[in-house]
Amino acid sequence: MLAQTKSTFANRRSGDTAARLEILAADLIDLNAEGDARRQRLLEMGWSAAFLDQYESQARAKANLLFVRDINADPVKSGDQFRVIMVEIIGSLFPSTQFIVAELQARGVPVSSIDFYLRKAKARAALAFIHQGAH
């Protein structure tokens, strides 16, 4: 008869703590790639709450060290890059000065008044735009 042996490989429920940390870090990397590395997902995968309470932060730190971005994926944009993009988009929605002058002339505003007040009028309009919806 063959002697029955118990597996000594680590898994989500038992085994060597260091090996389980490796598994947890790998699971975190996989979940992060799916865009959902929440604790609830780890519990759904079979991790015990007690183990997560004790080792989740270590595993997350380890996962951050091991995680390698896919070079074929688009680079992650910073907050400053999003701000620049937003400025470009919003700026493209505003009419040109040439269009504004033509519209003012079509509505009977004298050219001398346009020349004198245009900058201040644009500034006040921009200020009104900034404050709209900020209540």
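**Exercise 1. Classify F94 and F129 by exposure, then describe their pairing.**

Step 1. Start with F94. Its relative accessibility is 43%, so F94 counts as partly exposed. The structure is a predicted model, and every value here is computed from it.

Step 2. Turn to F129. Its relative accessibility is 38%, so F129 is also classed as partly exposed. The class in between runs from the buried cut-off, under 20%, to the exposed cut-off, over 50%.

Step 3. Look for aromatic pairs. The whole structure holds 4 of them. In one, the rings of F51 and Y55 have centres 4.8 Å apart and planes at 40°, so this pair is tilted. The tilted class covers angles that are neither under 30 degrees nor over 60.

Step 4. Place that pair. F51 and Y55 both belong to helix α3, residues 49-66. They sit 4 residues apart, about one turn of the helix. Both residues are buried.

Step 5. Return to F94 and F129. They form an edge-to-face pair, with 5.3 Å from centre to centre and 85° between the planes. F94 lies in the loop between α4 (79-93) and α5, while F129 lies in helix α6. The two are 35 residues apart, and the pair links distant parts of the chain.

Step 6. Check for a cluster. W47, F51 and Y55 together form one aromatic cluster.

**Exercise 2. Describe the largest pocket and its lining.**

Step 1. Give the volume. The largest pocket holds about 310 Å³ of space.

Step 2. Name the elements. Helices α5 (97-106) and α6 (111-131) are the elements that each give two or more residues to the lining. The most come from α6, with 6 residues.

Step 3. Pick out lining residues. Among them are F94, P95, I100, L118, K122 and F129. Both partners of the edge-to-face pair therefore appear in this lining, by the rule that a lining residue has an atom within 4 Å of a pocket point.

Step 4. Sort the lining by type. It divides into 9 nonpolar, 2 polar and 1 charged.

**Exercise 3. Decide whether E56 is buried or exposed, and find its contacts.**

Step 1. Locate E56. It lies in helix α3.

Step 2. Read the area. E56 has a relative accessible area of 11%, so it is buried.

Step 3. List the contacts, leaving aside neighbours within four places in sequence. E56 then touches L24, R39, L42 and F51. F51 is also a member of the aromatic cluster.

**Exercise 4. Show how S48 meets another part of the chain.**

Step 1. Locate S48. It is found in the loop between α2 (39-44) and α3.

Step 2. Compare sequence and space. S48 and R13 are 35 residues apart along the chain. Their C-alpha atoms are separated by 6.9 Å.

Step 3. List the contacts, again without neighbours within four places in sequence. S48 is in contact with R13, R20 and L43.

**Exercise 5. Summarise the whole protein.**

Step 1. Count the elements. There are 6 helices and 0 strands. From the N terminus on, the order is α-α-α-α-α-α.

Step 2. Consider burial. Of the 135 residues, 15% count as buried. E56 is one of the buried residues.

Step 3. Consider the surface. The protein exposes about 11000 Å², and carbon and sulfur atoms supply 58% of that area.

Step 4. Consider the contacts with a separation of 6 or more. Residues 24 or more positions apart account for 45% of them.

Technical notes
Residues numbered from 1 in each chain as written. Predicted model: local features only at pLDDT ≥ 70, side-chain atom pairs only at ≥ 80, totals over all residues. Heavy atoms only, no water. 1 Å grid on protein atoms, 1.4 Å probe; cavity = no way out; pocket = protein on both sides within 12 Å on 5 of 7 lines; lining within 4 Å. Points joined across faces, edges and corners; volume = space filled by probe spheres on them. Nonpolar A, V, L, I, M, F, W, Y, C, P; charged D, E, K, R; others polar. Buried < 20%, exposed > 50% of the residue type's maximum accessible area, 1.4 Å probe, protein only. Contact = heavy atoms within 4.5 Å. Areas by Shrake-Rupley, 256 points an atom, 1.4 Å probe, with all protein chains shown as cover. Phe/Tyr/Trp six-rings, centres within 6.5 Å; stacked < 30°, edge-to-face > 60°.
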